[in-house]
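Below are some notes for a colleague who is new to reading helical structures. Please keep the sequence and the 3D view open beside the text while going through the points.

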Amino acid sequence: GSERFLPETITRKVSRTVLSVWLVLSIGWVSRDRLVRDGDEEGHVGAAELFLGDLQAGKWAEFFERLWVGPMGEYPQAFTALVGFWWWLMGTGQPGHVSVRSITLVSLVIAAVSTGRMARRYADKESRGIAEVATITAVLSLPLANGLVRHFMPEGALIAAVSVALLFAHRLVERPGLLRALQLGLILGFGVLTKQTFLFLVLIPLALVVKRLGRSGVIWGFVAVAVASVVAVPWMVQNGSDQLSYGLSSILGHGDGGIWDHVIFYPRSLILLGLGPVLSVVLVLALVRFRRIRDRRGLWLAAAWLVGGMIVLMLVPKKYPRLMAPLLPAAALCIGIAVS
């Protein structure tokens with residue numbers, strides 16, 4: 001019955017083929033791209049170069065100190081530390097070289113696989129393979145996400161961080177235990193060290209998933225939060241005053257937009273940039289299809305992930321379309337389940 005429509009062996013082969021084709025095409029795109037990096041991206045490259053310098057000098061202690069508590073500006077540095085480490089592995093050279101720059105593409109691959117594994121959990125037993133393949137394909141087709149992961153921007157890494165965190169939350173619910181709580185905590189901690197907005201994006205869907213644990217969720221949730229705090233709080237404490245100043249400047253420097261401008265910004269960006277016209281229509285068709293699906297837990301998760309995240313982002317004074325990129329796999333999850 002489980003292999004009625006798409007046997008597991010074929011599912012794995014199709015998924016790997018889709019991922020491989022996307023990766024080859026994306027690397028080809030990156031190899032031909034000669035655009036000049038903008039100011040924000042250049043800042044992240046400069047931070048990665050500091051990590052590269054630590055590794056070239058054999059200063060591993062300084063590398064981890066810079067990652068964990070180092071004062072590096074407005075953002076934590078898990079992403080730039082990863083870029084610096086990969087840059088070091090690839091040898092010296094320009095960061096725009098395809099061997100270095102392609103590391104940014106991995107985040108969307110991870111997000112696609114993680115979201116695909118979640119889709120399996122909400123599809124009928126006989127069509128789990130279809131759900132996984134369709135979801136992976138939809139994630140890899142997201143326009144904004146595709147554009148973002150071709151640049152050295154932490155929001156691209158957040159696409160993977162949010163998806164992986166929600167997948168491991170499902171794993172904890174399915175088999176509660178210390179190891180899986182520790183794993184979730186580590187992912188949450190490094191998600192925060194990727195960028196502070198990680199908490200805004202993951203909190204609502206994470207709470208919806210962990211709620212299924214019932215009373216035991218309090219215990220394992222506490223363990224996960226404790227581990228995440230050990231990972232992320234030292235940086236937040238060390239850089240607390242800078243973060244407060246950054247937050248205040250964000251609130252005071254939001255421009256002259258009215259309430260309606262804040263409300264409509266992300267829904268409009270979702271259609272025009274996040275999904276684009278084609279996937280927006282596909283998402284609407286998927287929502288119509290859900291009228292015939294009995295188990296709608298996947299729909300509620302996608303709604304908490306996408307809609308809940310956009311509502312939270314509406315409250316953040318600064319508005320950038322790229323901030324909602326980690327929410328977009330939720331639409332792919334909905335589409336994948338409906339297709340199955």
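1. Helices here (H or I, at least four residues) are DSSP runs, as strands (E, at least two) are, and they are numbered from the N terminus. With that in hand, valine 307 can be placed in helix H16. Because its relative accessibility is 42%, valine 307 counts as partly exposed, where buried means under 20% relative accessible area, exposed over 50%, and partly exposed in between (1.4 Å probe, protein chains only). Its C-alpha atom is separated by 24 Å from that of glycine 185, and the two residues are 122 residues apart along the chain.

2. Two remarks on the source belong here. This is a predicted model, in which local features need pLDDT of at least 70 and side-chain atom pairs count only at pLDDT 80 or more, while totals for chains, interfaces and linings use all residues. Residues are numbered from 1 along each chain as its sequence is written, and side-chain values use heavy atoms, with hydrogens and water left out.

3. Helix H16 covers residues 297–314, which makes 18 residues, and it reaches 25 Å from its first C-alpha to its last, close to the 26 Å expected at 1.5 Å a residue; the expected span is 1.5 Å times one less than the number of residues. Among the buried residues of H16 are Leu299, Leu301, Ala302, Trp305, Leu306, Met310 and Leu313. Which helices do the buried residues of H16 pack against? They pack against helix H6 (106–122), H9, helix H11 (198–210), helix H14 (259–274), helix H15 (276–289) and helix H17 (329–339), with contact meaning heavy atoms within 4.5 Å.

4. Valine 209 gives a view of one residue in H11. Is valine 209 buried or exposed? Valine 209 is buried, because its relative accessible area is 0%. Leaving aside neighbours within four places in sequence, valine 209 is in contact with Ala169, His170, Val173 and Leu301. The C-alpha atoms of valine 209 and glycine 177 are separated by 16 Å, and these residues are 32 residues apart along the chain.

5. Helix H9 (residues 154–174) and helix H10 (residues 178–194) pack at an angle of about 165 degrees, with their axes 9 Å apart. Axes are lines fitted to C-alpha atoms, for helices over the stretch in contact, and angles run from 0 to 180 degrees between N-to-C directions. H9 and H10 are therefore roughly antiparallel to each other, given that angles under 35 degrees count as roughly parallel, over 145 as roughly antiparallel, 65 to 115 as roughly perpendicular and the rest as oblique. The residues making this contact include Leu158, Val164 and Phe168 of H9 and Leu184, Ile187 and Leu188 of H10. By class, the contact of H9 with H10 divides into 13 nonpolar, three polar and two charged residues; Ala, Val, Leu, Ile, Met, Phe, Trp, Tyr, Cys and Pro count as nonpolar, Asp, Glu, Lys and Arg as charged, and the others, Gly among them, as polar.

6. The axes of H14 and H15 come within 6 Å and cross at roughly 115 degrees, and the two helices are therefore roughly perpendicular to each other. In this contact, Leu270, Ile271, Leu272, Leu273 and Gly274 in H14 meet Gly276, Pro277 and Ser280 in H15. The residues of the contact of H14 with H15 divide into five nonpolar, three polar and no charged.

7. Helix H6 has 17 residues and reaches 25 Å from its first C-alpha to its last, close to the 24 Å expected at 1.5 Å a residue. Twelve of the 17 residues of H6 are buried, so this helix is largely enclosed by the rest of the structure. What covers the buried residues of H6 includes helix H1 (8–32), helix H7 (128–140), helix H8 (143–148), H9, H16 and H17.

8. The axes of H6 and H7 come within 8 Å and cross at roughly 150 degrees; H6 and H7 are therefore roughly antiparallel to each other. By class, the contact of H6 with H7 has nine nonpolar, four polar and four charged residues.

9. Serine 26 has its place in helix H1, and it counts as buried because its relative accessibility is 1%. Not counting residues up to four places away in sequence, serine 26 touches Leu105 and Arg150.
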